[in-house]
Amino acid sequence: MASKKTKIVIKPFRHQVTMDANYAAKTWNLLEKAINEIHRKNASGLSFEELYRSAYNMVLHKHGDKLYMGLKAVVNQHLQQVASSVASADDGRFLQVLNTAWADHTQSSLMIRDILMYMDRIYVVQKNVQSVYDLGLHLFYSNVAEHSKIQPRLIDTLLTSIRKERTGEMVNRGLLKNVTQMLVDLGINTRDVYENYFEQTFLKTSAAFYQSEAQNFISTNSASEYMKKAERRLKEETDRVNHYLDAGTEPYIKEVVERELLTNYLQTIIDMPESGMVHMLKDDKIDDLSRMYNLLNRVTHGHAAMRKCLENHVKEEGVAIVKNESMIAKPLTYVQTLLDLKAKYDDILSLAMGNNDKAFEHTLNQAFAHFINLNPRSPEFISLFIDEKLRKGNKANVNEEETEAVLDSVMILFRFISEKDIFEKYYKQHLAKRLLLNRSVSDDAEKNMIAKLKSECGYQFTSKLEGMFQDMKSSSQAIEGFKQHVGAMTPNPIKGVDLNVHVLTSGFWPTQVPGKCQLPAEITKCCDVFQKYYLSSHTGRRLTWQTNMGSGDMRAVFEGNKRKELSVATPQICILLLYNMKDTYTFAELHKLTALNPNDLKRNLLTLCANPKCRIITKSPQVKKFTADDTFSFNAKFRSKLFRVKLSQVVQRETTEERTHTQSKIEEDRKFMIEAAIVRVMKARKSMQHAQLVAEVSRQLSSRFRPNPVMIKKRVESLIEREYLERSADDRKVYNYLA
């Protein structure tokens with residue numbers, strides 16, 4: 001077995017020097033006297049190098065305990081004298097005396113620390129005791145700060161000074177800063193002393209102060225003045241922290257002020273009569289609303305309470321508009337008022353609510369969506385408003401930029417409509433009239449509007465509208481070919497008549513039952529020639545003439561050989577051409593000869609005889625009521641400064657019967673859309689519970705309208721009867737798709 005090698009360690013020679021016990025005592029006496037001289041502010045005559053070497057030798061020769069305990073005793077004795085001096089100071093000089101004592105102590109502690117630096121580095125670390133400076137802080141706290149005659153007096157003096165400053169008096173901020181910083185430093189790297197000694201009491205007294213102030217101020221001032229006061233108090237407290245309190249106090253004192261001035265009176269501020277949020281909204285008090293927004297942002301649920309108030313007020317204003325009968329009677333004013341209301345609150349949100357706070361925007365949009373859909377005619381009115389802006393002769397159409405801006409704002413209202421299919425129905429009717437009667441302000445404006453609708457609702461929503469424009473284009477090409485065709489014929493079969501025809505695809509255009517109208521022989525002949533030409537190149541098609549949508553220009557000769565050119569609707573042409581045969585007809589005769597519906601005949605006659613500026617026909621008797629025996633005579637004495645007289649087209653207000661018909665057509669279209677959605681969903685899922693099917697179908701159709709669950713159920717039943725679906729044999733609430 002091999003022998004284990006031993007490791008030889010060579011240590012340096014150390015000469016053991018022992019210190020005489022009397023030398024240690026003498027050295028301490030020297031240091032003690034020096035420390036006392038430092039406390040007396042007589043350090044100028046001391047040799048810090050010699051004192052440092054003396055302390056170094058004591059620690060080196062294991063007399064650190066004597067040095068450390070001796071230091072503690074000397075400083076303790078000195079601070080007891082300091083405490084007596086501070087405690088005896090009068091109230092006016094108390095803080096100044098304490099501050100001076102603290103400044104002297106910290107200066108002395110720094111000097112002593114320099115002398116005993118070696119003890120800090122060796123002895124303090126080995127024994128795990130407080131450093132020389134920290135020991136001085138601890139002793140100052142226990143002897144001075146915690147003195148029974150100093151502690152309560154110090155707290156009371158600090159709080160009294162702060163209260164004086166809050167009530168407008170001047171205080172020595174520099175002195176207060178030094179004293180509060182003393183409390184922070186006495187915590188030795190913690191806030192414990194400052195927090196337990198001062199901060200907790202400060203926060204309690206502050207809460208009591210602001211509670212009392214809030215009660216008194218809110219009962220005698222407006223919401224605006226109260227918020228200014230709260231804003232000023234928050235700024236003052238922040239300023240106070242920055243000047244003489246610890247930075248860690250800021251969130252706590254802010255929480256106290258916010259709780260006592262804002263949280264506890266949140267609803268009172270918002271609902272204050274004659275000055276609360278509703279008053280600010282009514283009078284456009286942007287500065288006050290901005291101040292409320294910023295202040296209540298500090299409070300839990302503050303903005304939620306503001307949004308609730310905003311929503312209720314906007315709903316109240318909106319409902320007053322949509323339920324106002326006089327407003328409903330003026331659709332253009334109705335929509336413009338809603339646009340003005342939206343613009344007003346958009347400005348408020350932009351200027352006062354955090355530059356369009358998304359949560360407030362959502363609240364505003366919800367409010368508008370609520371009241372706009374309370375009026376079932378809102379979609380129709382919005383379509384009428386757009387029609388007005390896109391129609392020729394609209395004085396409000398100053399330029400394209402303004403028209404574009406108005407249409408953009410109208411699109412915002414359009415987004416709030418839940419029954420978009422109703423809007424589509426009316427928009428198609430209005431667009432058809434603009435296109436057929438050549439009333440569009442421009443094709444670009446029309447296509448731009450359709451692009452907006454397409455972007456909002458998708459291609460399916462605008463496909464028919466785009467088809468209408470395609471029809472207008474193809475009609476232009478067709479009529480050009482027709483004119484070339486008849487121009488080459490000898491003789492020209494329509495000579496003397498300039499015929500323009502729009503060929504419309506029935507699926508794109510609003511379906512209307514053509515009213516009966518007996519066209520004059522001249523026009524009938526032209527129609528027959530065109531129909532023969534068109535059908536010769538387009539097999540499998542059928543043309544149905546919509547005379548109620550036509551118009552034309554005709555020449556007339558009045559007394560004195562005065563020639564005029566009249567721009568009138570097709571039914572009016574039929575009426576006026578009859579006067580080539582005789583000058584007077586009864587209502588019954590006109591009805592028989594034109595075959596017009598009595599109501600349509602009345603509307604057209606009113607256009608010809610009611611307006612004094614274009615009274616082509618005179619009625620006898622001159623009353624609004626029509627009877628079969630009323631006579632209508634050609635007004636040969638008609639005069640006008642204009643050669644071309646444009647008679648206003650017959651304004652056909654939608655009657656109750658027509659509105660009912662339109663609504664029934666919409667309901668019929670909805671049935672098809674619901675069924676299509678049901679089939680799409682079931683084809684993808686194969687099997688589905690009733691509640692899930694209703695939810696999914698409602699979601700898919702939400703961009704067009706809000707389907708009634710009862711209607712969905714009826715359509716499901718209809719699809720089951722037609723064997724598109726079946727009920728599950730295991731669960732009657734489950735449907736299966738039948739391929």
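The following dialogue examines the terms used to describe a predicted model.

Biologist: What makes a feature of this predicted model eligible for discussion?

Modeller: Local features need pLDDT of at least 70 and side-chain atom pairs count only at pLDDT 80 or more, while totals for chains, interfaces and linings use all residues. Residues are numbered from 1 along each chain as its sequence is written, and side-chain values use heavy atoms, with hydrogens and water left out.

Biologist: Why are strand 1 and strand 6 said to stand at the edges of the sheet?

Modeller: Strands are DSSP runs of E with at least two residues, helices are runs of H or I with at least four, and both are numbered from the N terminus. Two strands pair if DSSP finds at least two bridges between them. Three strands form an open sheet in the order 1-2-6, with mixed pairing. Strand 1 (551-558) and strand 6 (644-646) each have a single partner strand, so one side of each is left without a neighbour in the sheet. Neighbouring strands are turned by 25° against each other on average, direction ignored.

Biologist: How do you know that strand 1 and strand 2 pair, and in which sense?

Modeller: The definition asks for at least two bridges, and strand 1 and strand 2 (residues 562-569) have eight, in the antiparallel sense. Within this pairing, Gly552 stands opposite Val568 in strand 2.

Biologist: What packs on the sheet, and which strands does it touch?

Modeller: Helix 26 (residues 570-577) packs there, touching strand 1 and strand 2. Contact means heavy atoms within 4.5 Å. The direction of helix 26 makes about 140° with that of strand 2; axes are lines fitted to C-alpha atoms, for helices over the stretch in contact, and angles run from 0 to 180 degrees between N-to-C directions.

Biologist: Why is the pair of Phe423 and Tyr427 called stacked?

Modeller: Rings of Phe, Tyr and Trp (its six-membered ring) pair if their centres lie within 6.5 Å; planes under 30 degrees apart count as stacked, over 60 as edge-to-face and the rest as tilted. A search of the whole structure finds 27 aromatic pairs. The centres of Phe423 and Tyr427 are 5.5 Å apart and their planes are at 25°, so this pair is stacked. Both residues lie in helix 22 (residues 420-436), four residues apart, about one turn of the helix.

Biologist: What makes a space a cavity rather than a pocket?

Modeller: On a 1 Å grid over the protein atoms alone, a cavity is a set of points where a 1.4 Å probe fits but cannot get out; a pocket is an open set with protein on both sides within 12 Å along at least five of seven lines, and lining residues have an atom within 4 Å of a point. The count comes to two cavities of 30 Å³ or more. The largest cavity has a volume of about 70 Å³, and its lining includes His39, Leu71 and Ser108. Helix 3 (64-87), helix 4 (94-115) and helix 7 (132-145) each supply at least two residues of that lining.

Biologist: How many residues of each class line the largest cavity?

Modeller: Ala, Val, Leu, Ile, Met, Phe, Trp, Tyr, Cys and Pro count as nonpolar, Asp, Glu, Lys and Arg as charged, and the others, Gly among them, as polar. By this rule, the lining of the largest cavity has six nonpolar, five polar and no charged residues. The lining of the second largest cavity has two of each: two nonpolar, two polar and two charged.

Definitions and conventions:
Grid points are joined across faces, edges and corners, and a volume is the space filled by probe spheres set on the points.
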